[in-house]
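Colleague: I'd like a close look at how the helices in this protein pack against each other. Take me through the pairs slowly, and show me where the ligand comes in.

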Amino acid sequence: RRQRDLEQASLAATTRDGHRFEVTANIASLAEAEQAIELGGEGVGLLRSEFLYLERSSAPSQDEQAATYSAIARAMGPERNLVVRTLDVGGDKPLAYVPMEAEANPFLGMRGVRLCLERPQLLREQFRAILASCALARLHIMLPMVSQLSELRLARQILEEEAASIGLSTLPKLGIMIEVPSAALMADVFAPQVDFFSIGTNDLTQYTLAMDRDHPRLASQADSFHPSVLRLISTTVKAAHAHGKWVGVCGAMASEPLAVPLLLGLGVDELSASVPLIPAIKAAIRDVQLSDCEAIARQALTLESAGQVREALLSWRPSSL
Ligand code: PEP
Ligand code: MG
């Protein structure tokens, strides 16, 4: 059984009508990177680098960071993508060694790329540590919580300076998370200035519906299947493709098999799932026709609520089945 599961896992994620999608992993350790490959992960779509920084009393040294990134990059090898997201902490995830003022609204405060740009030394060291793995995998760098063009420009400038300081002539690919509505709405402006987008449906849903993603009483309503979120995904994909850039989804939605027809139909190119769900997501892709997915996605964009979208997906009988 295990042998059969492993064989299934290594199959490509190609729809019945022959469209191949990339299924990668969300990881936060070397162990997860290795597990992802065993389960058929085709790369890493989101390395949450926070694990290197949290629960310690001093910042990780550049060498320590570099050793971890290079071990993960070696596990991926030169044929696979490795998307390293820069530090995404803030008011709700404090660091003992980065003094931060208490904030009334930490989710609307100094978090993600904002915090790193306020403390550029932190970002410089992280870039240097990441750049050391340039030759080991298909390295991508991704900025979290981007809401303004100026943040992308500043971060790119710092990355270019750090690359130049070690004599690196070709920069790794640089992309941004689309997880703030302003970035999704202005995806056509961002697209020419990045190499890729990855949609963070957890935060995108939180900020679009103005519902705390961890609120116990809002859990059923803070649903990424809401048509407002789907419209932002659609806007993002169209803008990216108009400029020849690829779009992934790395929020929890990409780990839900029910969302697969929707996300494929909206045109995303890559799904980055939590490691144990990679085989199920690949199987769900092999089960559908892209043409059917496009029809259900078009319909979903016209519906009124997340509940209606889920119902439509559950009662959907694609012509290919
Ligand atoms: C997201 O917001 O969807 C995401 C992938 O990032 P995180 O869950 O780490 O905030
Ligand atoms: Mg996020």
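Modeller: Let's start with a ground rule: two residues are in contact if their C-beta atoms, placed from the backbone, lie within 7 Å. Keep in mind that this is a predicted model. The protein chain has an average pLDDT of 95, and 98% of the residues score at least 70. The model's ipTM is 0.99 and its pTM is 0.96.

In general, you describe two packed helices by the angle between their axes and the distance between those axes. Find α5, residues 120–131, and look at its packing with α3, residues 62–76. Their axes sit 8 Å apart, at an angle of about 40°. Angles under 35 degrees count as roughly parallel and those from 65 to 115 as roughly perpendicular, so α3 ends up oblique to α5. The crossing of α3 past α5 is right-handed. On the α3 side you'll see Q62, Q65, A66 and Y69, and they meet E125, Q126, R128, A129 and I130 of α5. Sorted by class, that contact has four nonpolar, three polar and two charged residues.

Now stay on α5 and look for its contact with α6, residues 149–165. Here the axes come within 9 Å and cross at roughly 50°, which makes α5 oblique to α6. The crossing of α5 past α6 is right-handed. From α5 come P120, L123, R124, F127, R128 and L131, while α6 brings A155, I158, L159, E162 and A163. R128 is worth clicking on, since it appears in the contact with α3 and again in the contact with α6. The class count for α5 with α6 is eight nonpolar, no polar and three charged residues.

Next, go further along the chain to α9 (residues 201–209) and α10 (residues 227–242), whose axes come within 10 Å and cross at roughly 120°. These two are therefore oblique to each other, and α9 passes α10 in a right-handed crossing. The contact is built from T201, L204, T205, T208 and L209 on α9, with S228, V229 and L232 on α10. There are four nonpolar and four polar residues in it, and no charged ones.

And α9 is where the ligand comes in. Around ligand 1 you'll find L46, R48, D88, E179, G200, T201, N202, D203, C250 and G251. Two elements, β3 (43–48) and α9, give two or more residues to that shell. α9 gives the most, with three. T201 is one to highlight: it takes part in the contact with α10, and it is also among the residues around ligand 1. As for character, the shell around ligand 1 divides into two nonpolar, four polar and four charged residues, whereas the contact of α9 with α10 has no charged residues.

Conventions. Residues are numbered from 1 along each chain as its sequence is written. Chains are lettered from A and ligands numbered from 1 in the order in which they are written. This is a predicted model: local features need pLDDT of at least 70, side-chain atom pairs count only at pLDDT 80 or more; totals for chains, interfaces and linings use all residues. Axes are lines fitted to C-alpha atoms, for helices over the stretch in contact, and angles run from 0 to 180 degrees between N-to-C directions. Helices (H or I, at least four residues) and strands (E, at least two) are DSSP runs, numbered from the N terminus. Angles under 35 degrees count as roughly parallel, over 145 as roughly antiparallel, 65 to 115 as roughly perpendicular and the rest as oblique. A crossing is left-handed if the near helix is turned anticlockwise from the far one by less than a right angle, and right-handed if clockwise. Ala, Val, Leu, Ile, Met, Phe, Trp, Tyr, Cys and Pro count as nonpolar, Asp, Glu, Lys and Arg as charged, and the others, Gly among them, as polar. A residue is near a molecule or strand if its C-beta atom, placed from the backbone, lies within 6 Å of it. pLDDT is the predictor's confidence in each residue, from 0 to 100.
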